[in-house]
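Student: I have a structure open and would like to practise reasoning from values to labels. Could you take me through it?

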Amino acid sequence: MTLQWVAVASFLYAEIGLILIFCLPFISPQRWQKIFSFHVWGKIATFLNKVFLTIIVLLIVLFLDAVREIRKYSFAHSMEKSSAGRHNAYDHTQMKLFRSQRNLYISGFSLFFWLVLRRLVSLITQLAKELSAKGVLKIQTDNTNKAAKKFMEENEKLKQVMKNYGKGERPMLEVENKKLVEDQEKLKTELKKTTNALSKAQNDVMTMKVQSERLSKEYDRLLKEHSELQDHVGKGIKKIL
């Protein structure tokens, strides 16, 4: 086996190993999703896509080359089989035909498993996202059920309160309501009295203010007359002396 076909066979064995690892039941899709979500894969995503396409092209070329070899040695095999006395050449051609068929299988399965790996990674990622969405929906459903249960309990309590209210609590509430109305009327009456007293007090203040102003004016007038009288008396005494 040449070096290139040894590499292709090793690549095929590695693909089979990876597929088996991806199919292990105790590794959940969420764990694979965490591995696929590493920042390293995001940085080299473009490079990985180019490698993927390059490997596909190489495997297709090797597959077509194996097909060509099979057609070539199949024709030579039929020609040598019909001729007699050339057993060594026939065995050599048959060996090459076997190798070409082996290379065809190796390259074909390598190409097939390479595409399967790409699809398998995509399906695992999609399944992990669906399971995460399912978990979120389950949490939301549980919260909704708890809220609905709580509302139903509150509704039952409200119905019980209304039932008790209809039986015996209505007269008590009516008495309390009547008492509140009476208190309100009393407060209105007291407020009216207080308002009237305040208005009266304001009027008394205005009256006292007017009287105070009058008294002040009268005091000023009397003070002025007293000063004039003193001046007049002083002048009369001076004339007598």
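**From values to labels**

Tutor: Gladly! Helices α1, α4 and α5 each supply at least two residues of the lining of the second largest pocket. Keep in mind that this is a predicted model.

Student: Which helix gives the largest share of that lining?

Tutor: That is α5, with five residues. The lining has 13 residues in total, and Thr 2, Trp 5, Arg 99, Arg 102 and Asn 103 lie nearest the pocket's centre. The space in this pocket is about 220 Å³.

Student: What is the make-up of the lining by class?

Tutor: Five residues are charged, four are polar and four are nonpolar.

Student: Stepping back, how many helices and strands does the chain have?

Tutor: There are five helices and zero strands, which gives the pattern α-α-α-α-α along the sequence. Among contacts between residues at least 6 apart in sequence, 80% join residues at least 24 apart. As for burial, 16% of the 241 residues count as buried.

Student: Let's try single residues, then. Why is Thr 125 called buried?

Tutor: Its relative accessible area is 18%, and buried means under 20%. The value falls under the cut-off, so Thr 125 is buried. This residue sits in helix α5. Leaving aside neighbours within four places in sequence, Thr 125 is in contact with Gln 33 and Phe 36.

Student: And what makes Tyr 13 exposed?

Tutor: Tyr 13 has 59% relative accessibility, and exposed means over 50%. The label exposed therefore applies to Tyr 13. Tyr 13 belongs to helix α1, and its C-alpha atom is separated by 9.8 Å from that of Ile 106, 93 residues apart along the chain.

Student: Now the aromatic residues. How many aromatic pairs does a search of the whole structure find?

Tutor: Four. One of them is Phe 11 with Trp 114, a tilted pair.

Student: Why is the pair of Phe 11 and Trp 114 called tilted?

Tutor: Take it in two steps. The ring centres are 5.2 Å apart, and rings pair if their centres lie within 6.5 Å, so Phe 11 and Trp 114 count as a pair. Their planes are at 55°; under 30 degrees would be stacked and over 60 edge-to-face. The angle fits neither of those classes, so the pair is tilted.

Student: Which parts of the chain does this pair link?

Tutor: Distant ones: Phe 11 is in helix α1 and Trp 114 in helix α5, 103 residues apart. Together with Phe 52, these two residues form one aromatic cluster.

Student: Are Phe 11 and Trp 114 buried or exposed, and how do you know?

Tutor: Trp 114 has 16% relative accessibility, and the cut-off for buried is under 20%, so Trp 114 is buried. Phe 11 has 23%, which lies between the 20% and 50% limits, so Phe 11 is partly exposed.

Student: Where does Trp 114 fit in the nonpolar core?

Tutor: The largest nonpolar core has 25 residues, and Trp 114 is one of the four that touch the most other members, along with Val 8, Phe 22 and Leu 59. The elements giving two or more residues to this core are α1, α4 and α5, and α5 gives the largest share, nine residues.

Student: What does Val 8 touch?

Tutor: Not counting residues up to four places away in sequence, Val 8 touches Leu 59, Leu 62, Ile 106, Ser 107 and Ser 110.

Conventions: Residues are numbered from 1 along each chain as its sequence is written. This is a predicted model: local features need pLDDT of at least 70, side-chain atom pairs count only at pLDDT 80 or more; totals for chains, interfaces and linings use all residues. Side-chain values use heavy atoms; hydrogens and water are left out. A nonpolar core is a set of buried Ala, Val, Leu, Ile, Met, Phe, Trp, Tyr and Cys residues joined through side-chain atoms within 4.5 Å. Buried means under 20% relative accessible area, exposed over 50%, partly exposed in between (1.4 Å probe, protein chains only). Helices (H or I, at least four residues) and strands (E, at least two) are DSSP runs, numbered from the N terminus. Contact means heavy atoms within 4.5 Å. On a 1 Å grid over the protein atoms alone, a cavity is a set of points where a 1.4 Å probe fits but cannot get out, and a pocket is an open set with protein on both sides within 12 Å along at least five of seven lines; lining residues have an atom within 4 Å of a point. Grid points are joined across faces, edges and corners, and a volume is the space filled by probe spheres set on the points. Ala, Val, Leu, Ile, Met, Phe, Trp, Tyr, Cys and Pro count as nonpolar, Asp, Glu, Lys and Arg as charged, and the others, Gly among them, as polar. Rings of Phe, Tyr and Trp (its six-membered ring) pair if their centres lie within 6.5 Å; planes under 30 degrees apart count as stacked, over 60 as edge-to-face and the rest as tilted.
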